[in-house]
Amino acid sequence: MFHHGRELTAEDVMFTLNRIRFQPDRFQGGWMFRGIDQMEAPDRKTVRIRLKEPNYLFLRYLCSITTAIVPEDVVRRDESGFAKAPVGTGPFQLVSHNEGKCVLEAFPAHFRGRAHLDRVEVLILPQVEAGRLKEPDWTSLMMSHGETSSASRKALLNGGEEWHNLEAQFTCCSLLVFNQKKSGPHNHPLFREALHHILDRDALIAELGGDRICSARGFRPGAALSEKESACLPKRSRSEILALLERSGYREETLELVTNSYLEADARWIRERAASFGVTLEIRILSTAEWTDHASLQQSDCQLYGVVLGGDEVRELEVYLQNNYFSSLWDSRTAEVVEQEAAAILREAEETERRARLAELEQWIRQAHAVLFLVHKTTNTAFHQSVRGVGINSYGWVDFHNIWFNPSVS
């Protein structure tokens, strides 16, 4: 691998891993490398890593985006400049990047072969202008999370026979996560159980519609429930729910719920539904930048956001162990159980066993109502018949590497 004509070395690899694992407050992926005991570079092309205990997913950690190798000399000299114009090994190479647009061109030497597209332009719209800028005239490919965009609807109506609509279900699950480190009624298991029954997922889907396709029993659609959980499936009556609230000691305290603009409608529905049972929620909508302020997030009582796993074991562990997801909100007992289970999962050599234990861990947090699984979502893609190779991957994204245009179709 080369960077600006210089071969990346084992020292660059060690620099990359050390800057991540020794700065966990700055790099969210630091949890991946807590198990490193020793690391050395016997020569320019070899890195020797000794772990404290077995970890059968460690090589997968090294292949993650988090561990993309960075050149030590360049980063030490101008880290912010490198962040704006990085060099990697993907199917596209960065040509230019400014506040308004990022331009990518095909990288001929990519290991999977050259991308079919010659050029991709990513428009970057200022968040403050959201809702005020005129929607671009998309002429070939449109993606929409929820109702199709106005341009898509117009195109499908005016020239329906030239357009194809592709809907793909992917594992985007909305979650209500409780801040167990902050005192309050939300820390009582009976209060969380009551809220679980208050939030009728089928009603949420029926009333809000859009991209909400089915109620969530776990991270993935169709998640299996234990016999004990299945017994809790029948909806509780209003009197039973109010009895749970009474037994939890709830006294009409106001709880703060933080979320993003994408889930604002869901948050408002949750607030109104909770209010009908005498539970008061106050909503605070956060920007992307505000979600990185962990000190501020620690002041909230609960958080509403979505998670996409994409069928990846490492990604699933990340949700449990990374501090911008569940980890920063666990109480000491929950954190201990999760850490022990995660360590046991990493010691399993067989993927089937690891996935079985991950399912057990999910079941445990579900039974404790530490996290309320709400609904699964879908994505819609409308594309002109001249565009070929369109598909949606497990993360809900179109793979630009495979897209090509049929020149015989205008």
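## Exercises on a predicted chain

Glu252 is exposed, its relative accessible area being 63%; the structure behind this value is a predicted model.

**Exercise 1.** Determine where Glu252 and His369 lie, what is notable about phi in each, and whether each is buried or exposed.

*Solution.* Begin with Glu252, which sits in the loop between helix H8 (238–248) and strand E11 (254–259). Its phi is positive, about 65°, although Glu252 is not a glycine. Since exposed means over 50% relative accessible area, the value of 63% places Glu252 in the exposed class.

Turn next to His369, found in the loop between helix H13 (351–367) and strand E14 (371–384). His369 also has a positive phi, near 55°, in a residue other than glycine. The cut-off for buried is under 20%, and His369, at 14% relative accessibility, therefore counts as buried.

**Exercise 2.** Work out how helices H11 and H12 are oriented towards each other, and which residues make the contact.

*Solution.* Two packed helices are described by the angle between their axes and the distance between those axes. For H11 and helix H12 (residues 332–346), the angle is about 160° and the axes are 11 Å apart. Angles over 145 degrees count as roughly antiparallel, and H11 and H12 are therefore roughly antiparallel to each other. The crossing of H11 and H12 is left-handed.

On the H11 side the contact is made by Leu317, Tyr320 and Leu321, while H12 supplies Val338, Glu339, Ala342, Ile345 and Leu346. Sorted by character, the residues of this contact comprise seven nonpolar, no polar and one charged.

**Exercise 3.** Identify which members of the largest nonpolar core touch the most other members, and which helix gives the core its largest share.

*Solution.* The largest nonpolar core holds 43 residues, of which Tyr61, Leu175, Leu317, Tyr320 and Phe326 touch the most other members. Its largest share, five residues, comes from helix H11 (residues 313–321). Taking Phe326 as a worked case, and leaving aside residues up to four places away in sequence, Phe326 touches Leu175, Val177, Phe219, Tyr305, Val319, Tyr320, Ile365 and Val371. Apart from this core lies another, of 31 residues, including Ala194, Ile198, Phe277 and Cys302.

**Exercise 4.** Set out how many helices and strands the chain has, and what percentage of its residues is buried.

*Solution.* The secondary structure of the chain comes to 13 helices and 16 strands. Of the 410 residues in the chain, 42% are buried. As a last step, consider contacts between residues at least 6 apart in sequence: 70% of these join residues at least 24 apart.

Key
Residues numbered from 1 in each chain as written. Predicted model: local features only at pLDDT ≥ 70, side-chain atom pairs only at ≥ 80, totals over all residues. Heavy atoms only, no water. Core = buried A, V, L, I, M, F, W, Y, C linked by side-chain atoms within 4.5 Å. Buried < 20%, exposed > 50% of the residue type's maximum accessible area, 1.4 Å probe, protein only. Helix = DSSP H or I, 4+ residues; strand = E, 2+ residues; numbered from the N terminus. Contact = heavy atoms within 4.5 Å. Axes fitted to C-alpha atoms, helices over the stretch in contact; angles between N-to-C directions. Parallel < 35°, antiparallel > 145°, perpendicular 65-115°, else oblique. Left-handed = near helix turned anticlockwise from the far one by under 90°. Nonpolar A, V, L, I, M, F, W, Y, C, P; charged D, E, K, R; others polar.
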